[in-house]
Amino acid sequence: MGLFSKKKMDTASSMGGISHLNISTSKDGAAYIFLLEGRLDTITAPGLEAKINEVIDDATKLILDLADLEYISSAGLRVLLGATHAMEDKGEMIVRNPTQPVREVFDLTGFSNLFTIE
Amino acid sequence: MMKELIIEADRMNLPQVQAFIDEQLEEAGCPMPTQITIDVAVEELFVNIASYAYEHGEGVAVVQVTVHEEPLSVEITFIDNGVPYDPLAKADPDITLPAKERKKGGLGIFMVKNTMDNVRYEYKDGKNILTIMKKLN
C-alpha cells in the first residue's frame, strides 16, 4: 500500500500533490525560456500568465520546459492557449519535455497540434 | 464507506479538496498517474461550482468519496445547492481547430468526460449532484 504513490517531493506533505509552481526564467536574445516545476492549476496558472505577459511583447520565441511539471488542468491549458495566440504571426511557441500526464492532456484536447512539442 | 467533506466553494480551497480525495486514493493503492487524472477532474468540477453555482459567489460544496473494492474503483460526488446547472450539457470544444480559432471554453468538462469511466448529473431537491467514477487498476 502506498508503493505506487511515492513521488519525489521536497515539501512536508505526503498526502497528494501540493498546489505549487516554481517558475525559472532565462533569456537567450529574444527567446524566453520558462522552466516550470510543480503543478499548473487554477491557483498557480495566473502567476505563469503574469510572467509570460511581462515578456510576450519582446519575445520572438517562447519556450516552456515542462520536464518537472507533473500536472496541468484546463486553467493551465488556457494560459498556454493565450500564449500561443500571442505568439501567432510573430514567433515560435515551443513546449519541451512534457511529462506523461501532461502529454496525455495535450493529446486528449488537441493541444499537441497547437504548438511545437520537443 | 463514504467519506464526506463540506467546504466553502472557493477555488482557493482546491488543495484541501484534493488532499481529502488523495488520502482515500493513496489508501486504496491508486497508481500516481491515475491520482493525477482524478485530481484534474476534481479541480474542474470543484472550480466549476466555485465559479458559477452561487450568484454572490458564496456557498458550500459537499464532496463525497467512496472506494469500491470489486472492481477497485472510486466514486466522487459533488453537491451544491446553487443555480441549477448541468455541466454535461455543454457542447464539446472543437479540438481539431487550428490554434487561431481555438476557444478557451469547455476544456474542463471535456477532460472530465473523457478521462472518467462514468459521469452522471442530476438535479434533485434543489441540489446539483454530479458523480464521477474511475476504475483504479
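**Exercise 1. How many salt bridges are counted between chain B and chain A? Identify the residues that form them and describe their surroundings.**

*Solution.* The structure is a predicted model, to which the predictor assigns an ipTM of 0.95 and a pTM of 0.91. For chain B the average pLDDT is 96, and 100% of its residues score at least 70.

Step 1. Between chain B and chain A the count is 2 salt bridges. The elements that contribute two or more residues to the side of chain B touching chain A are helix H1 (14–27), helix H2 (32–53) and helix H3 (107–115) of chain B.

Step 2. One salt bridge brings together the side chains of B:Asp39 and A:Arg39, at 3.1 Å from N to O. A search over all chains of the whole structure gives 7 salt bridges. The pair B:Asp39 and A:Arg39 crosses between chains, running from helix H2 of chain B to strand E2 (residues 31–40) of chain A. Both B:Asp39 and A:Arg39 are buried, and a network of salt bridges links A:Arg39, A:Glu70 and B:Asp39.

Step 3. Another salt bridge is formed by the side chains of B:Lys100 and A:Asp89, with an N to O distance of 3.5 Å. B:Lys100 lies in the loop between strand E3 (73–80) and H3 of chain B, and A:Asp89 lies in the loop between helix H2 (74–87) and strand E4 (92–96) of chain A, so this pair joins two chains. Both B:Lys100 and A:Asp89 are exposed.

**Exercise 2. Characterise the contact between chain B and chain A by its residues, its buried area and its polar pairs.**

*Solution.* Step 1. Chain B gives 35 residues to the contact and chain A gives 35 residues.

Step 2. About 2,900 Å² is buried between chain B and chain A, and carbon and sulfur atoms give 62% of this area.

Step 3. Across the interface of chain B and chain A, 11 residue pairs are found in polar contact, with both residues at pLDDT 80 or more. On the side of chain B that touches chain A, the residues divide into 17 nonpolar, 6 polar and 12 charged.

**Exercise 3. Place the salt bridge between A:Arg103 and A:Asp107 in its element of chain A, and state the accessibility of each partner.**

*Solution.* Step 1. The closest N and O atoms of A:Arg103 and A:Asp107 are 3.3 Å apart in this salt bridge.

Step 2. Because A:Arg103 and A:Asp107 are 4 residues apart in helix H3 (residues 100–109) of chain A, about one helical turn separates them.

Step 3. A:Arg103 has a relative accessible area of 33% and is therefore partly exposed, while A:Asp107, with a relative accessible area of 43%, is also partly exposed.

**Exercise 4. Examine the backbone at A:Asp89, B:Asp125 and B:Pro71, and say where each residue lies.**

*Solution.* Step 1. A:Asp89 is not a glycine, yet it has a positive phi of about 70°. The residue is in the loop between H2 and E4 of chain A, and with a relative accessible area of 70% A:Asp89 is exposed.

Step 2. B:Asp125, likewise not a glycine, has a positive phi of about 50°. B:Asp125 is found in the loop between strand E4 (118–124) and strand E5 (127–135) of chain B, and its relative accessibility of 70% makes B:Asp125 count as exposed.

Step 3. The peptide bond from B:Glu70 to B:Pro71 is cis, and its omega is near -5°. B:Pro71 belongs to the loop between strand E2 (60–68) and E3 of chain B.

Technical notes
Residues are numbered from 1 along each chain as its sequence is written. Chains are lettered from A and ligands numbered from 1 in the order in which they are written. Side-chain values use heavy atoms; hydrogens and water are left out. Contact means heavy atoms within 4.5 Å. Buried area is the accessible area (1.4 Å probe) that two parts lose on being put together, summed over both. A salt bridge is a side-chain nitrogen of Lys or Arg within 4 Å of a carboxyl oxygen of Asp or Glu. A polar contact is a pair of N or O atoms within 3.5 Å; within protein, one must be able to donate a hydrogen and the other to accept it, and residues adjacent in sequence count only if both atoms are side-chain atoms. Ala, Val, Leu, Ile, Met, Phe, Trp, Tyr, Cys and Pro count as nonpolar, Asp, Glu, Lys and Arg as charged, and the others, Gly among them, as polar. pLDDT is the predictor's confidence in each residue, from 0 to 100. Buried means under 20% relative accessible area, exposed over 50%, partly exposed in between (1.4 Å probe, protein chains only).
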